[in-house]
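Please read this briefing alongside the sequence and the 3D view. It starts with the pair of chains and then turns to single helices and residues.

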2 protein chains.
Amino acid sequence: MRTEVASLGEFGLIDHLTKNNDIRKAGTLLSVGDDAAVIDQFGRQSVISTDMLVEGVHFDLMYTPLKHLGYKSVVVNLSDIYAMMATPTHITINLAISNKVSVEALEEFYEGVYAACDKFNVDLIGGDTTSSLSGFIISVTAVGEVAPDKYVTRSGAKDKDLICVTGDLGGAYLGLQLLEREKKIYLENPGVQPDLQEQSYLIGRILKPEPRAEVVEWLQENQIVPTAMIDVSDGLSSELLHICKQSEVGCVLHEDKIPISDSARPIAMQFGVSVTTCALSGGEDYELLFTISQSDYEKVSKNSDITIIGYITDKKEGTNLETKSGNKHALTAQGWTAFAE
Amino acid sequence: MRTEVASLGEFGLIDHLTKNNDIRKAGTLLSVGDDAAVIDQFGRQSVISTDMLVEGVHFDLMYTPLKHLGYKSVVVNLSDIYAMMATPTHITINLAISNKVSVEALEEFYEGVYAACDKFNVDLIGGDTTSSLSGFIISVTAVGEVAPDKYVTRSGAKDKDLICVTGDLGGAYLGLQLLEREKKIYLENPGVQPDLQEQSYLIGRILKPEPRAEVVEWLQENQIVPTAMIDVSDGLSSELLHICKQSEVGCVLHEDKIPISDSARPIAMQFGVSVTTCALSGGEDYELLFTISQSDYEKVSKNSDITIIGYITDKKEGTNLETKSGNKHALTAQGWTAFAE
């Protein structure tokens, strides 16, 4: 019998393969199924997350500067650590490279890695570099620390909690569409130089995302403890559904509240997609999505970097999107599933 | 300018790329350049190691059962943790898979992963599964614990220390040659069924290596603290040179003392290679190579799993192999460098 991986989808596959995963250690506080795992080490807690980036699947070297790629490889992992309300401290990097990659290219990649380490105050402590028969593959593991039991999972959202998101959404998706369009034009007419200067915000969103470290710090300083948190790597819709599923709750998401950058609207129009679709299904924005108790409303509303976009309901109400015209639709996950085509 | 990665070699490349790697955290006790990194977390110490296995470079799915591959992916990382005299506790696994891999194939792979977790009492706590345009790529990170400052690095070997190795060497290399030969025969005559029953020891060495957990425990129980330790993944010669370089010492290795299994000799003869070459340059044996002070000689000599194969000298004596005929040769690293051809 042969079951195609695509028939389960990415999350279905992980659930399937880890359903028999035993926990043997008393110190394993949180295992597979959140942004990061939490292990108790001698009474203090560490957070661990890991991610893989594959050439041709997650990035295209034709328009991805290697320095940006190095930076991004690190920060997408740090984002997972921040999404636990933890502080990243160390990373390891494994690389598989084909012989078309030169030492100079790797130096550029590592420049980006070190820039991220500098900016977020983490140490690179190990890794493996090996050859690949095709393509550039990057695997990063990030370790962080958190005060005992102060980590925030995906599973604590409660009925009537408010749903918050940082920054704006959909930009990374549109940045990618711009790069893909320019690549096509370039391949057809190598003489035409792309002019993406005006779109630097959207391009930056996909090539050099920034994890929301400062929001985590702000929440900590203001003693706001989110009830659930996740980072937006696959699209708002998919991430909110993760929180609802793991917290066993429903939600109402207000379409008109979803934060969209001004640069996104005209470009979405050019591509004939709605900015809401970009935000819901685009992914790669690396913003933080979290829920707070209503009692924290006043404090949170003072931070202009955070937008309240809806509220949590009882599970039986389902997971809903309330459109600008006032209609309710069931939310569906259409994130960038790595396997569906 | 373009510098080929091959011109630096694997270790030269890592040195080159990490020469500007700053250590920012007081807790980073040991960084890039040993079997694993050591970080101080709240006064207790954690050990972290990571490794990548690439289809077509590190394994051939034509003769590697997926269950063995899952097992091996875990244990090669645990071996690095043991080589620090630490105890592994947790692992994460990232996989990149092409669409030729079915759910059933992944189930087999994970059976091996869980078997290793069970046997060595570690928890699988996370990972990422993504698609690959070609080939199966596995990246594992292992975390372990060690009592404060009880870890053993590569850099503590002292003049007159004894050089010890566990088990026997060269078997994995010969096992691989057998599998490669059978593959060739099969590709030429698909009707011929390979009969490798008699060579199960050598085949097992390459397909299902076992880390030397019990030797680490035995050393701990007997209060023997090696002065330096490394696991044999690239061949005895390369590993011993790592210890000598990082400890700033020389060595004399006695060819006639290198432990070779009885099954290895006739097969080495068939392939026309010397068993010494297999041990020195073969690699993948995952035995432990370590140095001890002479005062521990009596205790260590009681363990039949450990062989004393030479001694450490002053650096100016150089790194030498004393052959069976009594000649001295300079030791050279000819491990499986991932880039040299």
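The points below cover symmetry, the interface, one helix in each chain, and several residues of chain A.

This is a predicted model, in which local features need pLDDT of at least 70 and side-chain atom pairs count only at pLDDT 80 or more, while totals for chains, interfaces and linings use all residues. Residues are numbered from 1 along each chain as its sequence is written, chains are lettered from A and ligands numbered from 1 in the order in which they are written, and side-chain values use heavy atoms, with hydrogens and water left out.

**Symmetry**

- A turn of 180° with a shift of 0.0 Å along the axis lays chain B on chain A with an RMSD of 0.0 Å; the superposition is by least squares on the C-alpha atoms of residues with pLDDT of at least 70 in both copies.
- This is the relation of a two-fold axis.
- Both copies use the same surface, since 100% of the contact residues of chain B recur in chain A; contact means heavy atoms within 4.5 Å.

**Interface of chain B and chain A**

- Chain B gives 78 residues to the contact, and chain A gives 78 residues.
- About 6,700 Å² is buried between the two chains, and carbon and sulfur atoms give 57% of that area. Buried area is the accessible area (1.4 Å probe) that two parts lose on being put together, summed over both.
- The rule finds 4 salt bridges across the interface, a salt bridge being a side-chain nitrogen of Lys or Arg within 4 Å of a carboxyl oxygen of Asp or Glu.
- A:Arg24 forms a salt bridge with B:Asp123, and their closest N and O atoms are 3.5 Å apart.
- There are 44 residue pairs in polar contact across the interface, both residues being at pLDDT 80 or more. A polar contact is a pair of N or O atoms within 3.5 Å; within protein, one must be able to donate a hydrogen and the other to accept it, and residues adjacent in sequence count only if both atoms are side-chain atoms.
- Elements of chain B that give two or more residues to the side touching chain A include α1 (9-18), α3 (103-120) and β5 (123-131). Helices (H or I, at least four residues) and strands (E, at least two) are DSSP runs, numbered from the N terminus.
- β5(B) gives the most to that side, with 9 residues.

**Helix α2**

- In chain A, helix α2 (residues 66-82) has 17 residues and its end C-alpha atoms are 24 Å apart, which agrees with the 24 Å expected at 1.5 Å a residue; the expected span is 1.5 Å times one less than the number of residues.
- α2(A) is mostly covered, with 15 of its 17 residues buried. Buried means under 20% relative accessible area, exposed over 50%, and partly exposed in between (1.4 Å probe, protein chains only).
- α2(B) is also mostly covered, as 15 of its 17 residues are buried.

**Residues of chain A**

- A:Arg205 lies in helix α5 (residues 200-207) and is buried, at 12% relative accessible area.
- The side chain of A:Arg205 reaches the backbone oxygen of A:Asp168 at 2.8 Å.
- Not counting residues up to four places away in sequence, A:Arg205 touches residues including A:Gly171, A:Glu284 and A:Glu287.
- A:Ser237 lies in helix α7 (residues 236-247) and counts as buried, at 1% relative accessibility.
- A:Gln223, in the loop between α6 (213-221) and β8 (228-231), has a positive phi near 50° and is exposed, at 62%.
- A:Tyr286, in the loop between α9 (275-281) and β10 (288-292), has a positive phi near 55° and is buried, at 9%.
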